[in-house]
Amino acid sequence: MTRDLICVSCPLGCSMSVELSDSGEVLSVKGNTCKRGEQYAISECTNPVRMLTTTMKVNGGSLNVVPVKTSVPIPKGKMFECMEVINNEVVDAPVAMGDVLICNICDTGADIVATNKV
Ligand code: SF4
């Protein structure tokens, strides 16, 4: 099986072709200009990850929500589970930029961090 990808690791956006075995193992990566592209392709085909950015409810602040993000990319398959946890949490003001509001969300190893103050 072959999967076509565009590398998003830099603005060049190389078009890559990834050959996969029947079990999903990466057999080869073609079209990448550098090693980062190969690493991106392998990650994307075996354990795709994304940064999660959203908002979280705030109690008693000048705004009702604070923007947050994960401290590191998390597996795509955990996105909905993490969003459910975040949507069910309410943090008390004041919130400072960089505050860790949830530690190790859904055992991903990522913290939920405030990206602004309220
Ligand atoms: S393969 Fe390398 S040069 Fe091409 S888009 Fe990815 S990071 Fe950029």
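Q: In what order do the 3 strands of the open sheet lie, and is the pairing parallel or antiparallel?
A: This is a predicted model, and in it 3 strands come together as an open sheet with antiparallel pairing. The edge positions are held by strand 1 (2–6) and strand 3 (26–30), each of which pairs on one side only. Neighbouring strands of this sheet are turned against each other by 25° on average, direction ignored. The order of the strands is therefore not left open by the definition of pairing, under which at least two bridges are needed, and it reads 1-2-3.

Q: Which residue in strand 2 stands opposite Arg3?
A: Strand 1 and strand 2 (residues 15–20) run antiparallel and are joined by 5 bridges. Within strand 2, the residue that stands opposite Arg3 is Val18.

Q: Which strands does helix 1 touch, and what angle does its direction make with that of strand 3?
A: Helix 1, covering residues 35–46, packs on the sheet and touches strand 1, strand 2 and strand 3. Taken against the direction of strand 3, the direction of helix 1 makes an angle of about 140°.

Q: What distance separates the centres of domain 1 and domain 2?
A: According to the domain assignment of the protein, domain 1 spans 2–46 and domain 2 spans 53–114. With the centres taken over C-alpha atoms, the separation of domain 1 and domain 2 is 31 Å.

Q: How many nonpolar, polar and charged residues does the shell around the ligand have?
A: The residues that surround the ligand include Cys7, Cys10, Asn32, Thr33 and Arg36. Sorted by class, the shell around the ligand has 5 nonpolar, 5 polar and 1 charged residues.

Key:
Residues numbered from 1 in each chain as written. Predicted model: local features only at pLDDT ≥ 70, side-chain atom pairs only at ≥ 80, totals over all residues. Helix = DSSP H or I, 4+ residues; strand = E, 2+ residues; numbered from the N terminus. Axes fitted to C-alpha atoms, helices over the stretch in contact; angles between N-to-C directions. Contact = placed C-beta atoms within 7 Å. Domains from an automatic or database assignment. Near = placed C-beta within 6 Å. Nonpolar A, V, L, I, M, F, W, Y, C, P; charged D, E, K, R; others polar.
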